[in-house]
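Here is a friendly briefing to read alongside the model. Have the viewer open, and take the topics in whatever order suits you.

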Amino acid sequence: LLLCPPNLKQWTLFDSSDVRGSISSLPHTAEAMETRLAEISGIEDAKVRVEQYRALCASAVDAQSEADCCALLVHLVGDDVPLVIARQLLSFFATDISRLPSSVQKSVALFALERIQPRVVSFEEHATTLREALAAVHENEENWSQAAKVLSGIDLDSGNRILEAEYKLEKNVRIARLYLEDDDAVNAEAFIKKASFLLPSEPAAASTQAKVLTLQYRVCYARIQDAKRRFLEAALRYYELSQPNMMDISGRHVDEAELTQALTAAVTCIILAGAGPQRSRVLATLYKDERCAALPIFGILEKVYLERILRVEEVASFAQGLQPHQMAVTGDGSTVLERAVIEHNLLSASKLYHNISFQELGSLLGIETSKAEQVAAKMISEERMHGSIDQVEGVINFANDVDEIVQWDTQIQSICVSVNSILDNMVAKNVITANA
């Protein structure tokens, strides 16, 4: 329910044996199909005509004839068939073609969508059914992005149909999950943003399905932040999903292993996040969570929290459990993991040294001297580390936390200056006299 691929939608097959009759033995040739369509269109009794069309459709599907199915579709959306009958028959057709082999079903469904498109206003529901069936075929074949593209063609903002917010939410979340299966975070984020406007305004009073969809939305959001390397935000969202109160959603049980998986993802992301005060706060929360002690990566979490320098072998062991996007190469040529480790070790060094030369810092971090200076300058400019750089001497001076007494004196001095300024303004406006 949390981090697993989306469930493949199952389709119910229509049993048309009651109206199939003798048409099942009809030779499936282009001439025979055209002849039979002409005969049926000439029947005056509408009920009999519909039954014959349904029987012909069932016969074409039984024969697995792509040509016959396409010829029937062209006839149904043409001018010879009244719209009321066409809509009824297309509903049957869109459902019945699910009995075709996957390759034939895909071809027929694509052809049907193309033929319906000029009159899609009249056949919106049928186009939706065809798209859902086609998407199910792509999911069975694990063509995730293709399935997502097919579903994204459903018009959820149509003015011709009134669609429930829950239905729209389900479609947007499902499309986002499909894109994420192919690691396409860009397209997934677009649909998750749409889904965010459809979430229940009162979660406690929402239906069971709405609560499940909300959970799936939160999982997708966390995975997107992770994939786009917003590791701090991803860690927070994964940690929320790992809470014990997530185990039961309106009677639907979430396996404890999935909560552990979410907790592991939270720890992984916070280790990869850029060093700084916000990261330190989340690290403290995770380190103090008793469940983390049982995780295989608790050792590296402890060293990161305690601001100890990470060794090469420890980093290599941690890297074995990372996903490809977490090992991606950044603009400066280092991987995401390498950058996170360098920043962490630099912040750890700032707690051990008052100052250090760039050359020694580069040796400590295992990188070039120039790169060590660049990383330090960036962290200081972003206020993720306190210090100053002396380029003449080639030294970085770390500014450790100010003594509490000195900080207290500074605050008192600031208050006194502010009070004096207020009094001066009051004297200037003759509110009080200078001798008061």
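Helices and strands here are DSSP runs, with at least four residues for a helix (H or I) and at least two for a strand (E), and they are numbered from the N terminus. On that basis, the chain of this predicted model holds 20 helices and five strands. The chain has 436 residues, and 43% of them count as buried.

**Confidence**
- The chain has a mean pLDDT of 83, and 88% of its residues reach 70 or more.
- Residues 4-28 are a stretch to treat with care: pLDDT stays under 50 there, although the model has 51 contacts beyond four places in sequence for these residues.
- Where pLDDT is low, predicted coordinates should not be read in detail.

**Overall packing**
- If you take the contacts between residues at least 6 apart in sequence, 62% of them join residues at least 24 apart.
- In soluble globular proteins, nonpolar side chains tend to be buried together.
- The largest nonpolar core brings together 58 residues, and Tyr 53, Leu 72, Leu 90 and Phe 93 are the ones with the most contacts inside it.
- Separate from that one is a second core of 39 residues, with Leu 215, Ala 222, Phe 231 and Ile 270 among them.
- Back in the largest core, Phe 93 makes a handy starting point for a look around; beyond its neighbours within four places in sequence, Phe 93 is in contact with Cys 57, Cys 69, Leu 72, Leu 73, Val 108 and Ala 112.

**The largest pocket**
- Its volume is about 640 Å³.
- The lining of the largest pocket is made up of 27 residues, and those nearest the centre are Asp 226, Ala 265, Gly 321, Gln 323 and Gln 326.
- Four helices each supply at least two lining residues: H11 (208-227), H13 (256-272), H15 (298-305) and H16 (312-319).
- The helix that gives the most to this lining is H13, with five residues.
- Sorted by class, the lining residues are 13 nonpolar, nine polar and five charged.

**A buried glutamate**
- Glu 189 sits in helix H10, which covers residues 185-196.
- Is Glu 189 buried or exposed? Its relative accessible area is 12%, and the cut-off for buried is under 20%, so Glu 189 counts as buried.
- Setting aside neighbours within four places in sequence, the contacts of Glu 189 are Ile 224, Lys 228 and Arg 230.

Technical notes. Residues numbered from 1 in each chain as written. Predicted model: local features only at pLDDT ≥ 70, side-chain atom pairs only at ≥ 80, totals over all residues. Heavy atoms only, no water. Core = buried A, V, L, I, M, F, W, Y, C linked by side-chain atoms within 4.5 Å. Buried < 20%, exposed > 50% of the residue type's maximum accessible area, 1.4 Å probe, protein only. Contact = heavy atoms within 4.5 Å. 1 Å grid on protein atoms, 1.4 Å probe; cavity = no way out; pocket = protein on both sides within 12 Å on 5 of 7 lines; lining within 4 Å. Points joined across faces, edges and corners; volume = space filled by probe spheres on them. Nonpolar A, V, L, I, M, F, W, Y, C, P; charged D, E, K, R; others polar. pLDDT = per-residue confidence, 0-100.
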